[in-house]
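Could you walk me through this protein structure, step by step, in a way that a first-year student can follow?

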Amino acid sequence: MSLRTRLIVAFLLLSVVPLSAVTLYSYTTSVHAFQRAVEREAAQSASDIGHRMAMVTDDLGRRMDLLFDETAATDASAAAPASPEQVRARLAPALGDAAALVERVEFEPSAPALPASPAAAAPTPPAPPAAPGAAGTHPVPPPPMVLDVGAVLKQTQRGLGALGELIPPEAQAQIQSEMAKALRKSVDSSVTRTEAMKAAAAAMSAVGLPPIAVRMEGHDIAIPVRRHGRELGQARARLNMDRTLNAILTLARSDQGEIPFAIDRRGQLYTPDAAQRSTLQSLHVEEPADEGTPRRVNDWMIVTKKDPSGLTFGIARPLGESLREIRRASVRNLSLGLLVIGLAIVGIVPISHRMTERLRTLTGGVRQLAAGDFRTRVPATSSDEFGELARAFNQMAQDLERHQALAVGQERLHRELELSRQIQTDMLPRAPLRFGASEITGISMPAREVGGDFFNYFVLPGDRLGLLVGDVSGKGVSAALLMANVQATLRARLPLQNDLAALADLLDRELDDSTPGGVFVTLFIAILEQSRELRYVNAGHNPQYVLRVDGGIERLSSTGLPIAIFSGHGYKESSIALAPGDLLFFYTDGLVEAENDLGDQFGPERLEAILIEEHARGIDTVLERIVRDVDVFRGAVEPFDDATLMALRV
């Protein structure tokens, strides 16, 4: 996947996905909040319906109590309730506008109380014979009273709407006012049903009416009828549930499309609008559910509340339109967000194109650079990070081009030095030399590819042996060239010049004239005669050693200044007689001046100790021991000067 594609995908993932998640979360929380609000409102509406039902039943119970009260009787001391004719006459005025809600009225009198004895000590007269059908001495209760309210209303032909003459007019007005206040309080969400009932009881007691106990038994309202604190019987009113519930449910809220309903104990469904019954049946509101627990069916919220009367009141509120509006708002928000993201994509595509185009240019430059074209450059026109990267690339390419040129030059120099080293090696003796009974060999260890040290041994006319050991000041190619020049001159002149001092003086003058100032050569020139006499000139070189066969050591010290340092001072030739078994050891200063990591030099003392210890061994063994000990002493420190060793066994 290209960088441009990854940028676009990353932008989409960081914008579209979070926006969709936020929109979905907002929609979900809005729906949940709306559902909770609907649940609370529907539960309150169902509770209000129950309050209204309680107010209706309490009002009807009060009217029933007034109906069977003996206030209209002329004999206030009578112990029996009014007769059926009296009750029938007072039915319509007592029930008033509640008569339309009642189908029939029943009264079941209680058994009359036995008369009290005049004196506890008086003899009891004989009891008269019991009447046929009587149960001993117990009084027989009067038969129940049943009144058909509809028939009574037709007979009386009286209008409904007043409490009648049972209650004075001023008391009727006060009762209606207090009851209206209680009904208004019952629909307030902050007033409970118990508080509403207390308010209704207070309204009745305000006019001096005693409280009553109303029981709802199915479709019947039962109240006890009392007079002077004694219960006369039980009065019941059979309600017309269709009219009652229709009157109550009609007052329920319907501004949001709510459908109030009620379910009796038999599971029969009541609703004020018959056309809404099919809707409620499709929602299966008759199915049992936990009281007060909202239940959502499709796009409807259903809340039911069990009433103490045995009825179940409920509200079905539609959610569809509100949910659709929430969905439309969420879709609008999402569409606006996607539109903004689309505009951002339109802007990011050319930006990403420019970014990837610059990266593509850099990639091409890297490929050319990797192919060896160090002249490659990329345009750096911007001042942003890509411009900085392009300038860094151009600087890197420039540095690589310069380093490549240096590397080519160094490679060329390396090849030249290698060639010089090969030439220098070819100029030195390649193998040990046996001269009569004597044997000689040497080693040169340059500090760089080529050095200024040299040694040589060759046979001279007259069965003589020429020996050369020298050290040119400086290192590298210049020292090697001067060394080659000196060695070639001596090799050419030594067979013709027997006077070593004169030869050294001539070489001193010639090099002083042909070399720049500061360049000089330390030189040890020797000729071994057949008589084992060693003639030599030491031109500023280190003392060379003669190891006698008996273990003694002699030093061949300097006999003049280095060549070309101060020409014209002349040189002195010296000689020394050798015996069979003596060892001659020649070296340059790079051997004894080798340093370790502490800055200490190997020194002539260590060298002399090794020579004394190893002088009786073969010359190869002596040289190997010296080289090994110097390497161990130096350790990881690189040599800074050339070192040359040469040994001769007489």
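Here is a tour that starts with the whole chain, moves to its strands and cores, and ends with charged pairs and a patch on the surface.

Please keep in mind from the start that this is a predicted model. The protein has 650 residues, and buried residues make up 40% of them. Its secondary structure comes to 14 helices and 21 strands. The accessible surface is about 34100 Å², and carbon and sulfur atoms account for 56% of that area. How are the contacts spread along the sequence? If you take the contacts between residues at least 6 apart in sequence, 69% of them join residues at least 24 apart.

Let us look at the strands now. As background, strands of a sheet pair through backbone hydrogen bonds, and they can do so in a parallel or an antiparallel way. Here you can find an open sheet of 5 strands, in the order β7-β6-β10-β9-β8, with antiparallel pairing. Its edge strands are β7 (269-270) and β8 (295-297), each of which pairs on one side only. Inside that order, β9 (residues 300-306) and β10 (residues 312-318) run antiparallel and are paired over 7 bridges. To see the pairing up close, find Lys-305, which stands opposite Phe-313 in β10.

Further along the chain, β17 (residues 544-547) and β18 (residues 553-556) are also antiparallel, joined by 4 bridges. Which residue stands opposite Tyr-545? The partner of Tyr-545 is Arg-555 in β18. These two strands form a hairpin with 5 residues between them, and in the turn Gly-551 has a positive phi of about 100 degrees.

Next comes the inside of the protein. In soluble globular proteins, nonpolar side chains tend to be buried together. The largest nonpolar core in this model has 47 residues, and the members that touch the most others are Leu-467, Leu-494, Leu-523, Leu-534 and Ile-563. Both strands and helices give two or more residues to this core, including β13 (453-460), β14 (464-472), α10 (476-493), α11 (500-514), β15 (521-528) and β16 (533-539). The element that gives the most is β15, with 7 residues. Leu-534 lets you see how such a core is knitted together: leaving aside neighbours within four places in sequence, Leu-534 is in contact with residues including Leu-467, Ala-526, Leu-528, Leu-556, Ile-576 and Leu-584. Another core, of 33 residues, lies apart from this one, and among its members are Ile-49, Met-53, Met-241 and Ala-262.

Now for the charged residues. Side chains of opposite charge can pair when their charged atoms come close. The count of salt bridges in this model comes to 20. One of them joins Glu-388 and Arg-391, with 3.1 Å from N to O. Why is this pair easy to place on a helix? Glu-388 and Arg-391 are 3 residues apart in helix α9 (residues 385-427), so about one helical turn separates them. Glu-388 is partly exposed, at 48% relative accessible area, and Arg-391 is also partly exposed, at 34%.

A second example has another setting. The closest N and O atoms of Glu-529 and Arg-535 are 3.2 Å apart, and these two residues form a salt bridge. Are they buried or exposed? Glu-529 has a relative accessibility of 17% and, because buried means under 20%, counts as buried. Arg-535 is buried too, with a relative accessible area of 11%.

A third pair is made by Arg-634 and Asp-631, whose closest N and O atoms are 2.9 Å apart. They are 3 residues apart in helix α14 (residues 619-634), so here too about one helical turn lies between them. Arg-634 is buried at 15% relative accessible area, whereas Asp-631 is partly exposed at 34%. Salt bridges can also link up into a network, as they do for Glu-613, Glu-614, Arg-617, Arg-625 and Asp-629.

The last stop is on the surface. Val-9, Leu-13 and Val-17 make a nonpolar surface patch of about 240 Å². Val-9 sits in helix α1 (residues 3-67), and Val-9 is partly exposed, with a relative accessible area of 33%.

Conventions:
Residues numbered from 1 in each chain as written. Predicted model: local features only at pLDDT ≥ 70, side-chain atom pairs only at ≥ 80, totals over all residues. Heavy atoms only, no water. Patch = residues over 30% accessible without salt bridge, like charges linked within 9 Å, V, L, I, M, F, W, Y side chains within 5 Å. Areas by Shrake-Rupley, 256 points an atom, 1.4 Å probe, with all protein chains shown as cover. Salt bridge = Lys/Arg side-chain N within 4 Å of Asp/Glu carboxyl O. Buried < 20%, exposed > 50% of the residue type's maximum accessible area, 1.4 Å probe, protein only. Pairing = 2+ DSSP bridges. Core = buried A, V, L, I, M, F, W, Y, C linked by side-chain atoms within 4.5 Å. Contact = heavy atoms within 4.5 Å.
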